Amino acid sequence: PGALLNSLQTWLMGVNKASGRTINIDGKTIRGSACQGRNGAHIVSAWVSAQNMVLGQVKVGEKSNEITAIPELLDSLDVKGDRITIDAKECQTDIAAKIREKGANYVLSVKENQPTLYRETTEYFDCVEQDWGRNPPTDVWRSGLEKDHGRRESREVLTEEDIGWLNGKEKWKDIRTIILYRRRCVENGKTTVDKRYYISNRALDAEEAAHIILGHRSIENRLHRFPDVCFGEDGCRARTNHAAENLNLMRKAALHLPRKTAVAEKRFSVQRKTFRATFSDDFLYHALFG
């Protein structure tokens, strides 16, 4: 799988590295590769949404987890100057230190698995909202009202860089900013509020933090979902040796190519492009070689 990934990257992207990328790291289990007594192959991917491309991936061992796989993945990549986003379950001091060791910056989601950090961050932003006039946050960003499928949504991001009061901050390598992301949704007359918290080693303004946080969702919407939607990945029973991992790589490459393939028609989906490539040799050649 490692050799196949290197070959695909050389072909699809070339060897030049763009600086300042936002790299989303997350894992997904290939359910069809499971069999009696063995879990399905769980793949952790490093995804760059701006390029619609996987930079690298590793398979999580049977007796391991994503926390141990992510440092291995980072060691295989050149991420100097990039921004790394990771979900809360992998928000660990060792992973933050590894990202900084590689010369990259982190934006990590914080939940109850880091109880002290989570409690102090939530309490701080609760106090800010109760005493906004005297102690406003460093920066605030608010979206406009978005309407879609009967829902009305608005988003708000608060950032704070004055965190000298934060207990245990020395454990988080170069931590500099705490972030609150809040989403309000009104649907069928019912209002729901979703709050999420993040930390970063960079001095992020609220608008930049909002773009990074919202961008992390692309790994779920545009990477994890499409191999199953377009190619039925979870129903594929290939599981011998490296078959599941190698086929997963090929499917991701096959999604990258149609996304960047230009067509005359408007709103021509990835599914329609992949279908056209199955019966049109000319279109297949166009997708593969431009």
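These exercises with worked solutions cover cores, strands, turns and polar contacts.

The model is predicted: local features need pLDDT of at least 70, side-chain atom pairs count only at pLDDT 80 or more, and totals for chains, interfaces and linings use all residues. Residues are numbered from 1 along each chain as its sequence is written, and side-chain values use heavy atoms, with hydrogens and water left out.

**Exercise 1. The nonpolar cores**

Find which residues have the most contacts inside the largest nonpolar core.

Step 1. Fix the terms. Buried means under 20% relative accessible area, exposed means over 50%, and partly exposed lies in between (1.4 Å probe, protein chains only). A nonpolar core is a set of buried Ala, Val, Leu, Ile, Met, Phe, Trp, Tyr and Cys residues joined through side-chain atoms within 4.5 Å.

Step 2. Read off the residues. The largest nonpolar core has 37 residues. Ile25, Ile84, Ile99, Leu108, Trp172 and Ile199 have the most contacts inside it.

Step 3. Look around Ile99. Contact means heavy atoms within 4.5 Å. Neighbours within four places in sequence are left aside; Ile99 then contacts Leu74, Ile84, Ile86, Ala104, Asn105, Tyr106 and Leu108.

Step 4. Look for a further core. Another one, of twelve residues, lies apart from it; Tyr198, Ala209, Ile212 and Ile213 are among its members.

Step 5. Recall the background. In soluble globular proteins, nonpolar side chains tend to be buried together.

**Exercise 2. The cysteines**

State how many disulfides there are, then sort Cys91 and Cys127 by accessibility.

Step 1. Apply the rule. A disulfide is a pair of cysteine sulfur atoms within 2.5 Å. The count is zero.

Step 2. Sort the two residues. Cys91 is buried because its relative accessibility is 0%. Cys127 has 49%, so it counts as partly exposed.

**Exercise 3. Strands E8, E9 and E10**

Trace how E9 pairs with E8 and with E10.

Step 1. Fix the terms. Helices (H or I, at least four residues) and strands (E, at least two) are DSSP runs, numbered from the N terminus. Two strands pair if DSSP finds at least two bridges between them.

Step 2. Take E8 and E9. Strand E8 (residues 151–160) and strand E9 (residues 177–187) run antiparallel, joined by ten bridges. Val157 has Tyr181 in E9 as its bridge partner.

Step 3. Take E9 and E10. Eleven bridges pair E9 with strand E10 (residues 190–200), also in the antiparallel sense. Ile178 faces Ile199 in E10.

Step 4. Find the turn. E9 and E10 form a hairpin with two residues between them.

**Exercise 4. Positive phi**

Compare the settings of Asn188 and Arg267.

Step 1. Recall the background. Most residues other than glycine have a negative phi.

Step 2. Check Asn188. Its phi is positive, about 55 degrees, although Asn188 is not a glycine. Asn188 sits in the loop between E9 and E10. It counts as exposed because its relative accessibility is 77%.

Step 3. Check Arg267. Its phi is also positive, about 55 degrees. Arg267 lies in the loop between helix H8 (243–260) and helix H9 (270–279). With a relative accessible area of 83%, Arg267 is exposed.

**Exercise 5. Buried polar residues**

Identify the side-chain partners of Asn24 and Arg251.

Step 1. Fix the term. A polar contact is a pair of N or O atoms within 3.5 Å; within protein, one must be able to donate a hydrogen and the other to accept it, and residues adjacent in sequence count only if both atoms are side-chain atoms.

Step 2. Solve Asn24. Asn24 is in strand E1 (residues 22–30). At 0% relative accessibility, it is buried. Its side chain makes a polar contact of 2.8 Å with the side chain of Thr85.

Step 3. Solve Arg251. Arg251 is in helix H8. It is buried, at 12% relative accessibility. Its side chain and that of Glu233 make a polar contact of 3.1 Å.
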